[in-house]
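Reader: I would like to go through this structure with you. Could we begin with the interior and then turn to charges and pockets?

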Amino acid sequence: MTATDSHPTTTETEDRFAILDLIARLALLVDARDWDAFEGLFTDPVYTDRTSLFGGEPQTTTPGELVGGLRQVLGGLDATHHLITCQTISLDGDQATSAANMQGTHVFANHSGGPLWTVAGRHDYQLKRTADGWKIARMTFNVQWASGNEQILTLAAAG
């Protein structure tokens with residue numbers, strides 16, 4: 001195992017495990033609605049691009065603003081369940097990239113359609129090593145498919 005140039009006591013394997021843990025926490029914390037811990041996963045600022053899902057423009061925000069938006073969109077749902085799989089990692093000193101498949105199921109009982117909306121695609125991450133460990137600096141989601149009642153997001157937000 002080789003050590004990175006900037007952190008000679010950290011091995012490549014340790015960096016990979018730390019990044020795998022970071023990305024796993026992304027899914028677990030959003031599903032648990034642990035917004036404070038979720039906010040700590042990101043650099044400040046953080047770039048996000050979810051335009052393939054909702055249109056609009058990519059955003060560069062603070063982690064707090066990112067969490068505020070997610071809380072508004074997801075907080076009113078009955079439940080969510082996100083799966084992140086097949087993750088690859090490329091290391092370059094104090095920076096890394098990662099790609100993974102992601103599937104999110106969103107649940108909201110309602111009287112105007114089905115209670116489920118599932119969306120799947122690919123997450124691409126750019127990560128940075130900070131004094132507090134690895135953080136997500138950029139996150140892009142590219143939709144591959146979706147099924148169910150997308151309107152539950154609007155219904156839950158209206159609430």
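Author: The answers below take the core, the salt bridges and the pockets in turn. Please note that this is a predicted model.

Reader: Which residues have the most contacts inside the largest nonpolar core?

Author: They are Leu26, Phe38, Phe42, Tyr125, Leu127 and Ile136, in a core of 33 residues. Helices H1 (12-32), H2 (35-39), H4 (63-74) and H5 (152-158) each supply at least two residues of this core, as do strands S1 (42-49), S4 (95-107), S5 (116-130) and S6 (133-148).

Reader: And which element gives the largest share of this core?

Author: Helix H1 does, with six residues. As a general point, nonpolar side chains tend to be buried together in soluble globular proteins.

Reader: Take isoleucine 136. What is it in contact with, leaving aside neighbours within four places in sequence?

Author: Isoleucine 136 is in contact with Leu22, Ile23 and Leu26, with Leu41, Phe42, Thr43 and Val46, and with Tyr125, Gln126 and Leu127. Among these partners, Leu26, Phe42, Tyr125 and Leu127 are also listed with isoleucine 136 as the residues with the most contacts inside the core.

Reader: Changing topic: how many salt bridges are there?

Author: The count comes to five. One of them joins arginine 129 to aspartate 15, with the closest N and O atoms 2.9 Å apart. This pair links distant parts of the chain, since arginine 129 is in strand S5 and aspartate 15 is in helix H1, 114 residues apart.

Reader: Are arginine 129 and aspartate 15 buried or exposed?

Author: Both arginine 129 and aspartate 15 are buried. They also belong to a network of salt bridges that links Asp15, Asp94 and Arg129.

Reader: What about aspartate 21: which side chain does it meet in a salt bridge?

Author: Aspartate 21 meets arginine 25, at 2.9 Å from N to O. Both residues lie in helix H1, four residues apart, which is about one turn of the helix.

Reader: Why does aspartate 21 count as partly exposed?

Author: Aspartate 21 counts as partly exposed because its relative accessibility is 41%, and the limits for that class are 20% and 50%. Arginine 25, with a relative accessible area of 34%, is partly exposed as well.

Reader: Which residue pairs with arginine 122 in a salt bridge?

Author: The side chain of arginine 122 meets that of aspartate 124, at 2.8 Å from N to O. Arginine 122 is partly exposed, with a relative accessible area of 38%, and aspartate 124 is partly exposed at 25% relative accessibility.

Reader: On to pockets, then. What volume does the largest pocket have, and which residues are closest to its centre?

Author: The volume of the largest pocket is about 800 Å³. It is lined by 34 residues, and Arg50, Phe54, Gly69, Leu70 and Val73 are the closest to its centre. Helix H4 gives the largest share of the lining, seven residues. By class, the lining has 17 nonpolar, 12 polar and five charged residues.

Reader: And the second largest pocket: what is its volume?

Author: The second largest pocket has a volume of about 190 Å³. Of its 14 lining residues, Gln95, Gln126, Lys128, Ala137 and Arg138 are the closest to its centre. Two or more lining residues come from each of S1, strand S3 (79-92), S4, S5 and S6.

Reader: How does that lining divide by class?

Author: The lining of the second largest pocket has five nonpolar, six polar and three charged residues.

Terms used:
Residues numbered from 1 in each chain as written. Predicted model: local features only at pLDDT ≥ 70, side-chain atom pairs only at ≥ 80, totals over all residues. Heavy atoms only, no water. Core = buried A, V, L, I, M, F, W, Y, C linked by side-chain atoms within 4.5 Å. Buried < 20%, exposed > 50% of the residue type's maximum accessible area, 1.4 Å probe, protein only. Contact = heavy atoms within 4.5 Å. Salt bridge = Lys/Arg side-chain N within 4 Å of Asp/Glu carboxyl O. 1 Å grid on protein atoms, 1.4 Å probe; cavity = no way out; pocket = protein on both sides within 12 Å on 5 of 7 lines; lining within 4 Å. Points joined across faces, edges and corners; volume = space filled by probe spheres on them. Nonpolar A, V, L, I, M, F, W, Y, C, P; charged D, E, K, R; others polar.
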